[in-house]
Amino acid sequence: MEFLQIVIIYVLLFFLSVGLYFYRDSAILRTGIVGKICTIISSAIRIAVPKSLTMVLYNASQYFLYTRNQCMKVLFGVLVLAGNIICIMDMLPLLYKYLPDQNHTLIPIINAFASLYFFHKCCNGDPGEITPLNLEKYQSVYPYDERMYVPNAKCRTCKFVKPARSKHCSICNRCVHRFDHHCLWTNNDVGGLNHGYFVLFLLTMMFKCIWGFYIGIKSLVLYTQYHRLLETQVMTSNGEMKQVTYSIVLQHLFMQFPRLVFIVTSLFFLIILLGIFTIYHVNVVLTNRTTNERYKAAELEPINIDSKRLSSNKSKLQAGMKLNKNIKTVENLYDKGIIGNIYDTFWHRSIVKKIKFR
Ligand SMILES: [Zn+2]
Ligand SMILES: [Zn+2]
């Protein structure tokens with residue numbers, strides 16, 4: 001099998017695994033043939049793996065995913081450091097060899113420091129922790145929409161009336177203002193006061209990945225052009241000379257620069273995955289609807305579908321009235337338009353500071 005074919009098979013297997021993971025709870029995967037295969041595999045694992053080992057793995061996953069710990073932060077640091085080391089060791093020598101007059105370090109260094117700063121703010125900044133001291137202030141920021149957030153709803157753990165758009169994080173054991181989600185990588189919540197930093201961190205990380213991918217490809221192309229790899233010929237097993245194919249060149253580059261080719265391939269997938277996540281969070285900013293609210297809205301949705309079904313059985317006028325009512329109920333009360341939403345995310349700390357008590 002040719003090298004390029006092996007790469008394509010790995011790529012397809014990767015996307016298949018990612019797809020199966022993300023849609024594992026969908027009806028088709030849960031109940032269909034994939035669901036049956038998963039059930040058989042999990043049953044086989046249960047029989048083959050000793051229960052004590054299963055418990056150790058289960059406890060470890062509970063610790064990593066559902067407690068506050070520094071493991072993912074350390075893992076993130078190691079991965080970023082390893083990526084940067086490969087860039088310095090493998091990419092920069094090629095770039096400076098073939099393009100010695102250009103500066104290849106200024107932009108990535110500026111971006112790396114910006115990214116580090118935003119990461120620090122995401123990890124150590126206050127996401128908007130609600131305490132009895134600042135409760136009244138946070139209660140004044142947003143009105144209750146009477147759908148996702150109702151007045152006088154108390155947090156069972158914190159024992160106070162939850163401000164609109166807040167949520168109790170069970171991992172950090174605290175209520176957070178304008179809660180988006182608990183981030184494992186930063187070991188902190190993403191809330192009203194640090195959501196802007198989180199988006200900026202994602203954007204700088206995206207830039208880092210795209211830049212790394214770009215200079216990785218560029219250095220490989222420069223090497224290929226300098227050595228005229230595409231113009232060379234290779235001898236086949238029966239002694240004939242033939243022109244090299246892209247597959248052979250790729251295989252040669254992999255043998256010559258294994259780390260470099262590996263990181264360029266990894267960055268390609270990372271750009272897709274991180275890109276989806278970044279676009280999602282940019283959309284969260286532009287629409288001013290947090291991840292937590294998206295889940296809540298999805299839970300409320302069946303009521304509207306049922307109402308629509310109900311209305312379709314009635315006269316058209318009645319149906320229209322019902323539908324209008326439904327649209328109103330799922331409307332986002334906190335949407336202030338694109339500019340207003342950007343301001344609400346990136347200047348939220350000053351908005352909270354300016355709040356006057358009722
Ligand atoms: Zn948390
Ligand atoms: Zn709470």
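This is a short talk on the cores, salt bridges and one helix pair of a predicted model.

Let me start with the overall picture. The protein has 358 residues, and 35% of them count as buried. There are 14 helices and seven strands. Now the contacts with a separation of 6 or more. Of those, 66% are between residues 24 or more positions apart.

On to the interior. The largest nonpolar core has 36 residues. Which residues have the most contacts inside it? They are F201, Y223, L253, F257, L260 and I263. Five helices each supply at least two residues of this core: α5 (71-98), α6 (106-124), α8 (195-226), α9 (246-256) and α10 (258-287). The largest share comes from α8, with ten residues.

Take F257 as an example. Set aside its neighbours within four places in sequence, and F257 is in contact with L94, L220 and Y223. Apart from that core lies another one, of 17 residues. Its members include I130, V141, Y142 and C155.

Next, a helix pair that you can find on the screen: α8 and α9. They pack at an angle of about 110 degrees. Their axes are 12 Å apart. An angle of 65 to 115 degrees counts as roughly perpendicular, so α8 and α9 are roughly perpendicular to each other. The crossing is right-handed. Which residues meet there? From α8, look at L220, Y223 and T224. From α9, look at V249, H252, L253 and Q256. Two of these names have come up before: Y223 and L253 are also among the residues with the most contacts inside the largest core.

Now the charges. Side chains of opposite charge can pair when their charged atoms come close. How many salt bridges does a search of the whole structure find? The search finds six. I will go through three pairs.

The first pair is R259 and D90. Their side chains meet in a salt bridge at 2.8 Å, N to O. R259 lies in helix α10 and D90 in helix α5, so this pair ties together parts that are 169 residues apart in sequence. Both of those helices also supply residues to the largest core. How exposed are the partners? R259 is partly exposed, with a relative accessible area of 41%. D90 is buried, at 10%.

The next pair is R174 and D189. Here the salt bridge is 2.9 Å, N to O. R174 sits in strand β3, residues 174-176. D189 sits in strand β5, residues 188-190. The two residues are 15 residues apart, and the pair links distant parts of the chain. Buried or exposed, for R174? R174 is buried, with a relative accessible area of 9%. D189 is buried too, with a relative accessible area of 0%.

Then K336 and D344. Their side chains meet at 3.4 Å, N to O. K336 is partly exposed, at 46% relative accessibility. D344 counts as buried, at 1%.

One more point on charges. Which residues are joined into one network by salt bridges that share partners? They are E129, R174 and D189. So keep E129 in view when you look at the strand pair, because shared partners join E129 to R174 and D189 in that network.

To recap. The largest nonpolar core has 36 residues, with α8 giving ten of them. The α8 and α9 crossing is right-handed. And R259 with D90 ties α10 to α5.

Technical notes. Residues numbered from 1 in each chain as written. Chains lettered and ligands numbered in written order. Predicted model: local features only at pLDDT ≥ 70, side-chain atom pairs only at ≥ 80, totals over all residues. Heavy atoms only, no water. Core = buried A, V, L, I, M, F, W, Y, C linked by side-chain atoms within 4.5 Å. Buried < 20%, exposed > 50% of the residue type's maximum accessible area, 1.4 Å probe, protein only. Helix = DSSP H or I, 4+ residues; strand = E, 2+ residues; numbered from the N terminus. Contact = heavy atoms within 4.5 Å. Salt bridge = Lys/Arg side-chain N within 4 Å of Asp/Glu carboxyl O. Axes fitted to C-alpha atoms, helices over the stretch in contact; angles between N-to-C directions. Parallel < 35°, antiparallel > 145°, perpendicular 65-115°, else oblique. Left-handed = near helix turned anticlockwise from the far one by under 90°.
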